[in-house]
Amino acid sequence: MDSSGPTLRHDLAVRMAELARTIAAPRALVQVLNDVTATAVELIPGADIAGILLVKKGGEFESLADTTGLAAELDNLQHDFREGPCAEAALQETVVRCDDLRTESRWPRYAPAAMELGVLSSLCFKLYTADRTAGALNLFSFRAGVWDADAETTGTVLAPHAAAAILATRHDENMQAALSTRDRIGQAKGIIMERYGVDDVRAFEMLRLLSQESQIKLADVANRVIETRTQSN
């Protein structure tokens, strides 16, 4: 009786518990994502390389947690050719599987370029990240015909952990930005109150009106007010 299935499921369960703890702990995003890609290579037979691709709203590519350095090269090819499995998974499909690049017709420019780097197959999973950032967990092999149902199942379990780490980091960044903006607006209000002898409500109203009239964001108006005090000192 083949025990590889139960063993794989046990190993996956153990690693999922470990990853859950690392995501909950205050660790850098890159450390968490490195754990995810390393786990993918460890648990999925045939996976020689793993990496994470983020596609920003403007089409900019960012390669993260590359286990060998080759995943980033493959991402760059897809960026230049505007085609490929990782970008397709990030922006369109949930799972993009290629068993043999030698017979692949979906990416006529990417496939031969990837083969020149020694890659023959890939398995990519969409990351459900944020509205302005799409992403994919990507696996590559130097052999053809290595992916099976267990590989797809393991990848679909790992991908949400990477997505959760990215979302948590983005949330923290947004919170920090919001706090910084609030502080800058508060400084600008204090300057206006002191300079023009108005109360807190009137100071904020003046900032809001300046923002509307100039069609500049409130935070940017606040920065300009703060700069006037710096320049006058």
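1. In this note a residue is called buried when its relative accessible area is under 20% and exposed when that area is over 50%, with partly exposed in between. The model is a predicted one, and the terms just given apply first to helix α2, where Leu29, Val32, Leu33, Val36, Thr37, Thr39, Ala40 and Leu43 are buried. These residues lie on the same side of α2, because they cover an arc of only 155 degrees around the axis. The helix itself spans residues 29–43, which is 15 residues, and from its first C-alpha to its last it reaches 21 Å, close to the 21 Å expected at 1.5 Å a residue.

2. As for the overall layout, the protein holds 8 helices and 5 strands, and read from the N terminus the order of these elements is α-α-β-β-α-α-β-α-β-β-α-α-α. Of the 233 residues in the protein, 42% are buried. When contacts between residues at least 6 apart in sequence are considered, 58% of them join residues at least 24 apart. The accessible surface of the protein amounts to about 12,600 Å², and carbon and sulfur atoms account for 52% of that area.

3. The cysteines deserve a careful reading. How many disulfides does the count come to? The count is 0 disulfides, and the pair to look at is Cys86 and Cys124, since the closest cysteine sulfur to that of Cys86 is the one in Cys124, at 3.8 Å, which is too far for a bond; the cut-off for a disulfide is a pair of cysteine sulfur atoms within 2.5 Å. Seen from the other partner, Cys124 is likewise in no disulfide, with the sulfur of Cys86 as its nearest cysteine sulfur. Cys86 is buried, at 0% relative accessibility, and Cys124 is also buried, with a relative accessible area of 0%.

4. A search of the whole structure finds 5 salt bridges, and one of them joins the side chains of Glu62 and Lys56, with an N to O distance of 3.1 Å. Both partners fall in the middle class of accessibility: Glu62 is partly exposed, with a relative accessible area of 27%, and Lys56 is partly exposed at 25% relative accessibility.

5. Two further salt bridges involve residues numbered between 97 and 102. The side chains of Arg102 and Asp100 meet at 3.0 Å, N to O, and Arg102 is exposed, with a relative accessible area of 54%. The side chains of Asp99 and Arg97 also meet in a salt bridge, at 3.0 Å, N to O; Asp99 counts as partly exposed at 32% relative accessibility, and Arg97 counts as partly exposed at 28%. Through salt bridges that share partners, Arg97, Asp99 and Glu152 are joined into one network.

6. Two loop residues are worth checking for their backbone angles. Ala65, in the loop between β2 (61–64) and α3 (70–81), has a phi near 50 degrees, which is a positive value in a residue other than glycine. Arg82, in the loop between α3 and α4 (85–91), has a phi near 60 degrees, again a positive value in a residue other than glycine. Is each of these residues buried or exposed? Ala65 counts as buried, at 8% relative accessibility, whereas Arg82 is exposed, with a relative accessible area of 55%.

Definitions and conventions
Residues numbered from 1 in each chain as written. Predicted model: local features only at pLDDT ≥ 70, side-chain atom pairs only at ≥ 80, totals over all residues. Heavy atoms only, no water. Salt bridge = Lys/Arg side-chain N within 4 Å of Asp/Glu carboxyl O. Buried < 20%, exposed > 50% of the residue type's maximum accessible area, 1.4 Å probe, protein only. Helix = DSSP H or I, 4+ residues; strand = E, 2+ residues; numbered from the N terminus. Contact = heavy atoms within 4.5 Å. Areas by Shrake-Rupley, 256 points an atom, 1.4 Å probe, with all protein chains shown as cover. Expected span 1.5 Å × (residues − 1). Arc of directions from axis to C-beta.
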